[in-house]
Amino acid sequence: AEMQKQYESAMKKAEELETAGKFKEAWMKVPPADLYPEYKHIIHSRRAELADKFPVDLFNDPNNEESC
């Protein structure tokens, strides 16, 4: 039950960050699939969804910080 709570809390936080336009932070908040194997499919699709919203140059320039 505690793991369930942590999972739900993390997913909720990711959603709030996404709403705020902070996609990179939201992606990092999505819990790791190996901790929650029963939600693996949801976690993977959520991360893919968020990664699609990253700025295009994110993966090319590791030093790039998005300005607020």
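**Exercise 1. Salt bridges around E16**

Task: Find which residues E16 meets in salt bridges in this predicted model, and work out how each partner is placed in the helix.

Solution:

Step 1. Start with K13. Its side chain meets that of E16 in a salt bridge, with 3.9 Å from N to O. The cut-off for a salt bridge is 4 Å, so this pair counts.

Step 2. Now try K12. Here the side chains of E16 and K12 also form a salt bridge, at 3.0 Å from N to O.

Step 3. Look at the spacing. E16 and K13 are three residues apart in helix α1, so about one helical turn separates them. E16 and K12 are four residues apart in helix α1, and again the separation is about one helical turn.

Step 4. Check how open each residue is. E16 is partly exposed, with 39% relative accessibility. K13 is partly exposed too, at 38%. K12 comes out at 53%. Exposed means over 50%, so K12 gets that label.

**Exercise 2. A network of charges**

Task: Describe the surroundings of E18 and say which residues share a salt-bridge network with E18.

Solution:

Step 1. Place the residue. E18 belongs to helix α1.

Step 2. Buried or exposed? E18 has a relative accessible area of 15%. Buried means under 20%, so E18 is buried.

Step 3. List the neighbours. Leaving out residues up to four places away in sequence, E18 touches F23, A26, R46, E49, L50 and K53.

Step 4. Pick out R46 from that list. The side chains of E18 and R46 are joined by a polar contact of 2.5 Å. R46 is buried, with a relative accessible area of 12%.

Step 5. Follow R46 onward. Its side chain meets that of E49 in a salt bridge of 2.7 Å, N to O. Both R46 and E49 are in helix α3, three residues apart, which is about one turn of the helix. E49 is partly exposed, at 41% relative accessible area.

Step 6. Put the pieces together. A network of salt bridges links E18, R46, E49 and K53. Searching the whole structure turns up five salt bridges.

**Exercise 3. Aromatic pairs**

Task: Say how many aromatic pairs the structure has, then describe the pair of Y7 and Y36 and the pair of W27 and F54.

Solution:

Step 1. Count. A search of the whole structure gives three aromatic pairs.

Step 2. Take Y7 and Y36. Their ring centres are 5.5 Å apart and the planes make an angle of 50°, a tilted pair. Y7 is in helix α1 (residues 2-19), while Y36 is in the loop between α2 (23-29) and α3 (40-51). With their positions 29 residues apart in the sequence, the two link distant parts of the chain. Y7 and Y36 are buried.

Step 3. Turn to W27 and F54. This pair is edge-to-face, with 6.5 Å from centre to centre and 70° between the planes. W27 is in helix α2 and F54 in the segment after α3, so the pair also links distant parts of the chain, 27 residues apart.

Step 4. Compare the accessibilities. W27 is partly exposed, with a relative accessible area of 30%, whereas F54 is buried at 10%.

Step 5. Look for other company around these rings. Y7 and Y36 belong to one aromatic cluster with Y39. As for W27, the charged end of R47 sits over its ring, 4.4 Å from the ring centre.

**Exercise 4. The whole chain**

Task: Sketch the overall build of the chain: which elements does the chain have, and how many of its residues are buried, in percent?

Solution:

Step 1. Count the elements. The chain has three helices and zero strands. Along the sequence, that gives the pattern α-α-α.

Step 2. Find the buried share. The chain has 68 residues, and 25% of them count as buried.

Step 3. Look at the surface. The accessible surface is about 5,100 Å², and carbon and sulfur atoms make up 55% of that area.

Step 4. See how far apart in sequence the contacts reach. Among contacts with a separation of 6 or more, 49% involve residues 24 or more positions apart. For a concrete case, go back to Y7 and Y36, which are 29 residues apart and link distant parts of the chain.

Key:
Residues are numbered from 1 along each chain as its sequence is written. This is a predicted model: local features need pLDDT of at least 70, side-chain atom pairs count only at pLDDT 80 or more; totals for chains, interfaces and linings use all residues. Side-chain values use heavy atoms; hydrogens and water are left out. Buried means under 20% relative accessible area, exposed over 50%, partly exposed in between (1.4 Å probe, protein chains only). Contact means heavy atoms within 4.5 Å. Accessible areas come from the Shrake-Rupley method with a 1.4 Å probe; for residues, only the protein chains shown count as cover. Rings of Phe, Tyr and Trp (its six-membered ring) pair if their centres lie within 6.5 Å; planes under 30 degrees apart count as stacked, over 60 as edge-to-face and the rest as tilted. A charge sits over a ring if NZ of Lys or CZ of Arg is within 6 Å of the ring centre and within 35 degrees of the ring normal. A polar contact is a pair of N or O atoms within 3.5 Å; within protein, one must be able to donate a hydrogen and the other to accept it, and residues adjacent in sequence count only if both atoms are side-chain atoms.
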